[in-house]
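Visitor: Could we go through this one together? I would like to begin with the charged side chains and then move on to the strands.

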Amino acid sequence: MSLNIAPGAIVCNESQLVGDISIGTRSVVHPKAQIIAEAGPIIIGENNLIEERAKIINAKDPNETTDTTRVMIIGNNNVFEVDSTSYALKIGDFNNLESKSVVGKSVVMTNGCIVGAGCQILTE
């Protein structure tokens, strides 16, 4: 388990960070935000904003029988608004998950996507 916070990043003491996590420069993690790396490492790029109570989770699949490691990669200049939840393993650049939105683990967000407030994008 390791935590790598780049110079210039701000991570509030009241946030919850669990597992192997890397946070890029100029990224901000607000109080009560959760970044949880259960199934593998989470790599967060530069200039991302993770607001209060936002959740970024690389969750283990309870149905998976093998012990595979999945890497979650989040690009640059993304915004995770208040109470948003992301399980997506690949998020590009300049995306916005608005308040109370949910993105499932099979979703791939490219660049410039907006998930509206309260919207859920879940796949099986």
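Visitor: Which residues are linked in a network of salt bridges?
Guide: Bear in mind that this is a predicted model. The network of salt bridges links Arg53, Asp83 and Lys100.

Visitor: Where do Arg53 and Asp83 sit, and how far apart are they along the chain?
Guide: Arg53 forms a salt bridge with Asp83, with 3.2 Å between the closest N and O atoms. Arg53 is in the loop between strand 8 and strand 9, whereas Asp83 is in the loop between strand 11 (79-80) and strand 12 (85-86), so that the pair links distant parts of the chain, 30 residues apart.

Visitor: And what about Asp83 and Lys100, how far apart are the closest N and O atoms there?
Guide: In the salt bridge between Asp83 and Lys100 the closest N and O atoms are 3.4 Å apart. This pair also links distant parts of the chain, 17 residues apart, with Lys100 in the loop between strand 14 (96-97) and strand 15 (102-103).

Visitor: Is Lys100 buried or exposed?
Guide: Lys100 counts as exposed because its relative accessibility is 52%, and the cut-off for exposed is over 50%. Arg53, with a relative accessible area of 42%, is partly exposed.

Visitor: How many salt bridges does a search of the whole structure find?
Guide: The search finds three, and one of them is formed by Arg26 with Glu46, whose closest N and O atoms are 3.3 Å apart. Arg26 lies in the loop between strand 4 and strand 5 (28-29) and Glu46 in the loop between strand 7 and strand 8 (49-50), so this pair ties together parts that are 20 residues apart in sequence.

Visitor: Changing topic, what is the order of the six strands in the open sheet?
Guide: The order is 1-4-7-10-13-16, with parallel pairing. The edge strands, each pairing on one side only, are strand 1 (3-5) and strand 16 (108-109).

Visitor: How many bridges join strand 4 to strand 7?
Guide: Three bridges join strand 4 (residues 21-23) to strand 7 (residues 42-44), and these strands run parallel; Ile21 stands opposite Ile42 in strand 7.

Visitor: One last thing, what is Cys12 in contact with, leaving aside its neighbours within four places in sequence?
Guide: With those neighbours set aside, Cys12 is in contact with Val29, His30 and Pro31. Cys12 is found in the loop between strand 2 (10-11) and strand 3 (16-18), and it is partly exposed, with a relative accessible area of 24%.

Notes
Residues are numbered from 1 along each chain as its sequence is written. This is a predicted model: local features need pLDDT of at least 70, side-chain atom pairs count only at pLDDT 80 or more; totals for chains, interfaces and linings use all residues. Side-chain values use heavy atoms; hydrogens and water are left out. Helices (H or I, at least four residues) and strands (E, at least two) are DSSP runs, numbered from the N terminus. Buried means under 20% relative accessible area, exposed over 50%, partly exposed in between (1.4 Å probe, protein chains only). Contact means heavy atoms within 4.5 Å. Two strands pair if DSSP finds at least two bridges between them. A salt bridge is a side-chain nitrogen of Lys or Arg within 4 Å of a carboxyl oxygen of Asp or Glu.
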